[in-house]
Amino acid sequence: METSVAPTNAEFLASVATKSDGAALRGDYTQADAQYVVTQNWAAYTEEEHELWRKLYARQAALLPGRACDEFVEALNKMDASGGIPILATTSEALFAATGWVIVAVPGLIPEHSFFDHLANRRFPVTVWLRTPEEFDYIVEPDIFHDFFGHVPLLFNPVFADYMQRYGQGGLKAMRLGGLDELARLYWYTVEFGLINTPQGLRIYGAGILSSGGEVEYCLKPGTASRHIRLDIERCLRTLYKIDSYQESYFVIDSYQQLFDGTAPDFTPIYEKLKHMDVLPANTLLATEIELLPH
Ligand code: PHE
Ligand code: FE
């Protein structure tokens, strides 16, 4: 149940407050515990790194008005992280008070099982190291800027926060059922690259877009070759995605509640069915689908 993890996460927060060691070095897994958690050695960040963070933040924040969803912008502003690399424990406490989620510091990508287990227990893994200046515009793996700036704000939204926990539980289940490739596509097209329909027009909620200098503008631009289509769960689970270019498809939701409700049914029969169906290329537009941005 959503509330039963609260004491555990509260204990975790208390333990973090007393630690000051840990790894801030890129890819240093030697300090990690069995769940790949490290403590953020905040004092080890250099002034150059704080300056790079401020530049990344300022560039990104300037792109958000009229493009990012309101929930994201409001939470981001409250997180107050424009001045330098944030202390994760501080935001973690505010997040815990809002939705019962905590941030756990990790040295980089972690194995699927641990990742899902963290999400299933309302813990969001945030990478401790920051990219280099050469990676300002593009980085192949998640760093603290992507993880913190991109992902943490929406975890303040109660419905989205519940969706993320369910996703983690669904991931553990998909590992048993052989549905990991399919479920990963849903994460990609919602948590990382999702768009939401609002009375003011399409807005971004996906972290992969919101932490990217170029895609924030690209994904909402009319006339590109990319698709903007209503999220249909089964269709999304079949759709391949691009990892080294802007997306060729964006799936649009009407609300976080729709996302939560639409993913609530048991996926077991869907995984079964999809085993006998072809995957769809990333630029697919089915005859029944409507492009939601004018071309
Ligand atoms: N309902 C999914 C299942 O039964 C789990 C899930 C929930 C997956 C939310 C993704 C998001 O497997
Ligand atoms: Fe991400």
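Helix α2 (residues 47–63) packs against α6 with the two axes 12 Å apart and at an angle of about 40°. The model is a predicted one. Helix α6 (residues 144–151) also carries His146, a ligand of the iron ion (ligand 2). The points below treat the helix pair, the metal site, helix α5 and Lys173 in turn.

**Packing of α2 and α6**

- With an angle of about 40° between them, α2 and α6 are therefore oblique to each other.
- The crossing of α2 with α6 is right-handed.
- On the α2 side the contact is made by Trp53, Leu56, Tyr57, Gln60 and Ala61, and on the α6 side by Ile144, Phe145, Phe148 and Phe149.
- By character, these contact residues comprise 8 nonpolar and 1 polar, with no charged residue.

**Iron site**

- Three residues coordinate the iron ion (ligand 2): His146 and His151, each through NE2, and Glu192 through OE.
- The coordination distances are 2.0 to 2.1 Å.
- Along the sequence, the donor residues follow the spacing H-x4-H-x40-E.
- His146 belongs to α6, whereas Glu192 belongs to helix α8 (residues 180–192), so this pair ties together parts that are 46 residues apart in sequence.
- His146 counts as buried because its relative accessibility is 11%, which is under the 20% limit.
- Glu192 is likewise buried, its relative accessible area being 10%.

**Helix α5 and its surroundings**

- Helix α5 spans residues 112–120, and its buried residues are Ser114, Phe116, Asp117, His118, Leu119 and Ala120.
- The cover over these buried residues includes the strands β1 (102–106) and β2 (123–127), together with the helices α7 and α8.
- Helix α8, part of that cover, is also the helix that contains the iron ligand Glu192.
- After α5 comes Arg122, which has a positive phi near 60°.

**Lys173 in α7**

- Lys173 is located in helix α7 (residues 158–177), one of the elements covering the buried residues of α5.
- The relative accessibility of Lys173 is 27%, so this residue counts as partly exposed.
- Leaving aside residues up to four places away in sequence, Lys173 touches Asp266, Phe267 and Thr268.
- Lys173 and Ile209 are 36 residues apart along the chain, and their C-alpha atoms are separated by 27 Å.

Definitions and conventions: Residues are numbered from 1 along each chain as its sequence is written. Chains are lettered from A and ligands numbered from 1 in the order in which they are written. This is a predicted model: local features need pLDDT of at least 70, side-chain atom pairs count only at pLDDT 80 or more; totals for chains, interfaces and linings use all residues. Side-chain values use heavy atoms; hydrogens and water are left out. Donors are N, O and S atoms within 2.8 Å of the metal (3.2 Å for Na, K and Ca); water is not among the atoms, so sites may look incomplete. Helices (H or I, at least four residues) and strands (E, at least two) are DSSP runs, numbered from the N terminus. Buried means under 20% relative accessible area, exposed over 50%, partly exposed in between (1.4 Å probe, protein chains only). Axes are lines fitted to C-alpha atoms, for helices over the stretch in contact, and angles run from 0 to 180 degrees between N-to-C directions. Angles under 35 degrees count as roughly parallel, over 145 as roughly antiparallel, 65 to 115 as roughly perpendicular and the rest as oblique. A crossing is left-handed if the near helix is turned anticlockwise from the far one by less than a right angle, and right-handed if clockwise. Contact means heavy atoms within 4.5 Å. Ala, Val, Leu, Ile, Met, Phe, Trp, Tyr, Cys and Pro count as nonpolar, Asp, Glu, Lys and Arg as charged, and the others, Gly among them, as polar.
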